[in-house]
Amino acid sequence: MVFSSVDFLFLFMPLFLLAYVLAPWKNMIYVVFSLVFYFVGEGWFTAIIVSSVGMNFILGAWIDRSRPFVPRRVAILVSVFVNLVPLFFFKYARFFARVLLGTPASDWTSSIHLPLGISFFTFHAISYLIDIYRRDAKAERSLVNLGLYLLMFPQLISGPILRYHTVAKQLRRRVVTGRHVYYGLVLFCLGMGQKVLLADSLAEICDPLFAQSRNLNTATAWLATVAYTFQIFFDFDGYSNMALGLGWVTGFYLPRNFNYPYISRSITEFWRRWHMSLSQWFRDYLYIPLGGNRLGPIRTYRNLITVFLLCGLWHGAAWTFVLWGIYHGLFLVIERIGLDRLLRSMPRPFQHGYAILVVMFGWVLFRAHSVRQAARIVRTMILPTASGVGVWQVLHGEEIAVLAASILFSIPLMPRLLRGSAVVPDMPPWPREIPTWSYGAGAICALVILAASAVKIISGSYSPFIYYRF
Amino acid sequence: MNVRLSVLARAVLAAVGCLLLLPVVAIPLQDRGSLEQFHNRSLSAWPRIADFIPDPVKYLTQARLWLGDRVYPIIPVSHFYKGLLFYVLATPPEHRVIIGNDGFIFLSGTDDDHLNNILESVCIDTANRKIADAFARSLAGLASYSAEQALPIDVITVPTLETLYGDRLPRSVPSKYRSACAERAQGTSLLVGIHAPPPVHYVFPFAPMHAARDDPAFFPKGNWHPDGLSLEIVRDAYLGKIGVEPPHDETLLRTEAPSELLMTYGISWPLPVYHVTDADVVKDESTNAALKAVLDDLFPVGWHNTRAFRNRRPDSKETVLLLSDSFGDRAAPVLASGFHRLVQVDTNDMKPHSVIGLLTRVARVLAINRIVILTEEGDTARVVGFSRELQESPAANSSSSASSITK
C-alpha cells in the first residue's frame with residue numbers, strides 16, 4: 001500500500017486517525033494498523049517482520065543484561081549478525097550467487113521473495129541493538145513498544161531511518177496538541193503534492209525515455225536525466241514529508257530526511273543534505289567504528305569507499321547500485337584530497353554546477369536497469385546525437401509546468417517567500433506567536449494541494465514509490 | 001504508556017478522518033451502469049473470501065481494484081483532470097497521442113514505452129523492400145491455397161491517417177518519421193505496386209482515399225480507425241475489383257462526433273465525420289451468438305470480437321468471412337452492403353496458429369463463399385502469418401477443409 005493510493009488515503013488513513021483518536025491503547029492501535037499496512041503488501045510474509053520484532057526483543061534484553069565487555073561485545077556482534085543474515089538471504093543471495101558462484105539467473109535464488117522494506121527495518125533493529133550496547137538507551141520492556149518502533153507504518157517501508165534512542169521516550173510518553181496536528185497535516189499534504197503532482201508527473205517523462213534508451217538523442221537523454229533527478233528527489237522527499245507529517249500527528253518527532261540537496265556545492269555537502277537519516281546511520285554505525293577520519297588520510301579514504309560501496313549495495317542488489325555507491329565514494333575522496341579546496345576558490349555557480357552534474361550522472365547509473373544501459377545513455381548525453389525520440393513528443397504543457405515547479409520547489413525560495421504570510425511546516429520547536437489568519441492561509445494551501453493530489457489519485461495514475469523495495 | 005491528545009487535536013483528526021472517508025462512503029451514490037460505461041469494461045468484482053487464506057495479497061489487491069473502480073466521484077473527477085490537461089495545458093492523454101494542427105490527432109506508438117513504433121511500421125516499413133517482397137510472396141501463397149481449395153481469398157490493406165496525411169504531422173514528431181510519412185503521403189508506399197496473382201484480389205486503395213482527403217470529415221481526422229466516407233471508398237474499391245455493384249440506397253450523413261482517440265480518455269473533442277447507413281444491412285445476432293460459441297476456445301476467456309450481418313438486397317449472393325485486425329470492426333457493416341451475409345472476426349487477441357481452427361469452427365455455423373483479410377497498412381505481417389499457416393496446414397493439399405467451409 002502506498003500513501004498516494006485510493007485505499008490508503010480514503011480508507012486506511014481515515015480509519016487509523018479515527019481509531020487513534022477514539023480508542024485507548026494507542027500504541028497497540030498503531031501496531032495493529034501497521035501490521036495491516038504491511039500485510040496488504042506482503043501477506044503471510046508479514047511473519048518475517050513479526051519474527052524480527054520478537055527476535056530483537058530477546059536480543060535487546062540479552063545485550064542489556066550481559067556482563068561488561070566480552071560477553072556484551074559478543075552479544076552485540078551475534079545480534080547484528082543475526083539481523084544481517086535474513087537481509088543478506090532475502091536481498092543479496094541471488095546477486096552474490098550470480099556474481100561469486102556464476103549460477104544462472106533462473107536458479108532457486110531467483111524465486112526468493114524480497115520482503116518490503118527489509119533494508120529499513122533491519123537498520124532500525126540494528127540501531128536499537130547498538131544503542132542498547134552503547135548504553136544510549138535501555139532495552140525496551142514492552143513488546144508492543146518495540147513493535148511500534150520497528151513497525152510504525154509511516155516510516156516502515158521507506159524511512160526515514162529512526163535511531164532508537166531518539167524515539168525511545170516518545171514510545172512511552174507523548175503529547176499531541178493542535179499545533180502537532182496542524183503542522184503534521186500540512187506537511188503530509190505538502191509531501192503528497194511533491195509525490196503525486198511532481199514526482200509522478202516527472203515519471204511520465206523519464207519512464208518512457210528510459211524504456212527506449214536505444215532511441216534517445218542527446219536532448220532526450222538529458223531530459224530523461226533531468227526529469228529523473230527531480231523525480232527521485234520529490235518522490236523520496238515527498239514520502240519522507242508524509243511520514244514526518246503522520247509522525248507529528250501521532251506525537252512522534254521523526255527526523256528530517258532532506259535539506260534541499262540540489263543546492264549543494266560539493267558532493268560532501270550533498271550527502272549532508274540527501275537521505276540524512278541513512279547517511280547519519282552509516283556514519284554512526286559503520287564509518288566511525290571503522291575509524292572514521294581519525295586514522296590518517298589513506299584509511300579515511302578506504303573507510304569512505306567502503307561505506308559508500310555498502311550504501312550503494314543497500315539500495316539494491318545490482319551492479320548499478322554498487323557502482324553508484326563507489327562513484328559517490330570516489331568523489332568524496334577526491335574532494336578530500338584537494339578538489340574541495342579548489343572548488344571553494346571558484347565562483348559559486350561553478351560549484352553548484354559541478355555538484356549537480358556529478359549527482360545527475362550518478363542518477364543515470366542508479367536508474368538504469370544495467371550498466372550497459374547507463375553507459376549508453378551517458379554516451380548519448382555527451383556525444384551529440386540527433387535522431388531518436390523527439391523532446392517535444394514527451395514535453396507538453398503539463399510536463400513543462402511540472403519541470404518549472406520542480407526547479408522552484410527544489411530550492412528554499414518558496415518557504416522564504418511564504419514565511420510571514422502562511423505558516424510553513426518546519427522542524428520543531430514551532431513558534432508560538434502566530435496570527436490565526438496565518439494558520440488559515442497555510443491550511444488553505446494544504447487543502448488545495450491535497451485536493452489536486454486527490455484528483456490525480458482518483459483519476460487513476462499509478463504511483464509506486466521508487467524506494468518501495470529497499 | 002502515556003499518550004495524550006488535546007481536545008482540539010482530537011476534534012481536528014476526527015474531522016479529517018470523517019472527511020477522507022467520504023469518497024468510500026459515497027460509493028453507493030454512483031450508478032453501476034455509468035461506471036461500467038466510464039471504464040469501458042465490467043467493474044472489478046469483490047474477491048471470494050475463500051481466496052484470502054491461500055493468497056491474501058491477491059485477495060487484497062482485487063479488493064483494492066474493486067475500490068479503485070468505484071471511488072467517489074471518479075467520473076467527474078477524471079473528466080475534469082483529463083480535460084484540464086488537454087484544454088488548458090495542451091497535453092495529450094498519452095505521449096503517443098500527437099495533437100496536430102487543424103484538429104488532427106495522430107497515434108505514433110502502441111504505448112508510451114514504444115513511442116514511434118506505429119510510425120515506424122506505417123511510414124518506414126512500407127518502403128522496405130524485404131517486407132514488401134515477403135508480403136507479395138504471402139499473397140502468392142494465398143493464391144495457391146485459394147486455387148487448391150476452390151475458395152476465393154482476397155486481401156485489403158487500408159491506409160492510415162498517418163500516411164494519408166503524413167505531410168501534416170507536427171514538428172514535435174522526429175524528422176526521420178516526419179519525412180518518411182510525408183513521402184508516403186505522396187503514394188510512395190511499396191504496397192501500391194503490389195499485385196496479387198489470381199485468384200486472389202489485392203486492394204490497397206491509397207489513390208482514391210488520397211483524392212478525397214481534403215474533405216475535413218473524410219477519415220475522420222481524430223481517429224486511428226477509418227470510418228464513414230473513408231470506409232465507403234475502401235469498400236467500393238474492393239467491390240469494383242471483384243465485379244460487385246456497390247449499394248445504391250446507402251446514405252452518407254455528415255455530422256459531428258468525438259475523436260475516437262481522445263474519447264478513449266474521456267475527452268470529448270468533436271470533429272466532423274460521415275455516417276454511412278444502409279437500411280438493408282441488419283445485425284444477425286443469432287449467427288453472431290453461434291460464432292462466439294464455436295470460437296470460444298480460440299480467444300482469452302470471456303473475450304470475443306465478432307460481428308455478423310445480413311443484407312436484405314445484396315448484389316452478390318455470397319457469404320463472406322472477414323478476418324481482420326481492429327480496422328475490420330468498423331469496416332464490417334460497410335463491407336456487408338456488398339454481400340448477402342458477412343461475418344467478421346477480429347483476430348487481434350486470437351491465440352497463435354489458430355487460423356485453420358477458426359475456419360473449421362466457422363464452417364460449423366455457416367458455409368463461407370469468400371474469405372477477405374483486412375488489415376491496416378502497417379500490419380502486413382499478419383497476412384504473412386495467415387498465409388504461412390494456411391500453406392503449412394495438413395489440408396493445404398487436400399480438398400477436405402474447402403468442402404467443410406463451402407458446404
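1. How much area do chain A and chain B bury between them, and what share of it lies on carbon and sulfur atoms? In this model, which is predicted, the two chains bury about 4,500 Å² between them, and 70% of that area is on carbon and sulfur atoms. On the side of chain A, Val21(A), Gln393(A) and Ile458(A) lose the most area to chain B, and together they account for 14% of what that side buries.

2. Counted by residues, the interface brings 54 residues of chain A into contact with 50 residues of chain B. Polar contacts across the interface of chain A and chain B, taken between residues that are both at pLDDT 80 or more, come to 16 residue pairs. Several elements of chain A each supply at least two residues to the side that touches chain B, among them the helices α1 (6-22), α2 (26-42), α9 (178-211) and α20 (436-458), as well as the strand β1 (173-176). The element that gives the most to this side is α1(A), with 12 residues. By residue class, the side of chain A that touches chain B divides into 31 nonpolar, 12 polar and 11 charged residues.

3. For salt bridges, the rule finds 1 across the interface of chain A and chain B. A salt bridge joins the side chains of Asp7(A) and Arg64(B), with a distance of 2.9 Å from N to O.

4. The two chains also pair through strands, since β1(A) and strand β1 of chain B, residues 2-5, run in the parallel sense over 4 bridges. Within this arrangement, Val175(A) stands opposite Arg4(B), a residue of β1(B).

5. Turning to chain B taken alone, its secondary structure comes to 16 helices and 12 strands, and its C-alpha atoms fill a box of roughly 90 × 50 × 45 Å along the principal axes. Of the 407 residues in chain B, 53% are buried. Among the contacts in chain B with a separation of 6 or more, 70% are between residues 24 or more positions apart.

6. A single residue of chain A may serve as a local example: Cys206(A) is found in helix α9 of chain A. Cys206(A) has a relative accessible area of 0%, and therefore counts as buried, the cut-off being under 20%. Leaving aside neighbours within four places in sequence, Cys206(A) is in contact with Ala224(A), Ala227(A), Tyr228(A), Gln231(A) and Arg367(A). For one of these partners, Ala227(A), which is 21 residues away along the chain, the C-alpha atom is separated from that of Cys206(A) by 5.8 Å.

Notes:
Residues are numbered from 1 along each chain as its sequence is written. Chains are lettered from A and ligands numbered from 1 in the order in which they are written. Side-chain values use heavy atoms; hydrogens and water are left out. Contact means heavy atoms within 4.5 Å. Buried area is the accessible area (1.4 Å probe) that two parts lose on being put together, summed over both. A salt bridge is a side-chain nitrogen of Lys or Arg within 4 Å of a carboxyl oxygen of Asp or Glu. A polar contact is a pair of N or O atoms within 3.5 Å; within protein, one must be able to donate a hydrogen and the other to accept it, and residues adjacent in sequence count only if both atoms are side-chain atoms. Ala, Val, Leu, Ile, Met, Phe, Trp, Tyr, Cys and Pro count as nonpolar, Asp, Glu, Lys and Arg as charged, and the others, Gly among them, as polar. Two strands pair if DSSP finds at least two bridges between them. Buried means under 20% relative accessible area, exposed over 50%, partly exposed in between (1.4 Å probe, protein chains only).
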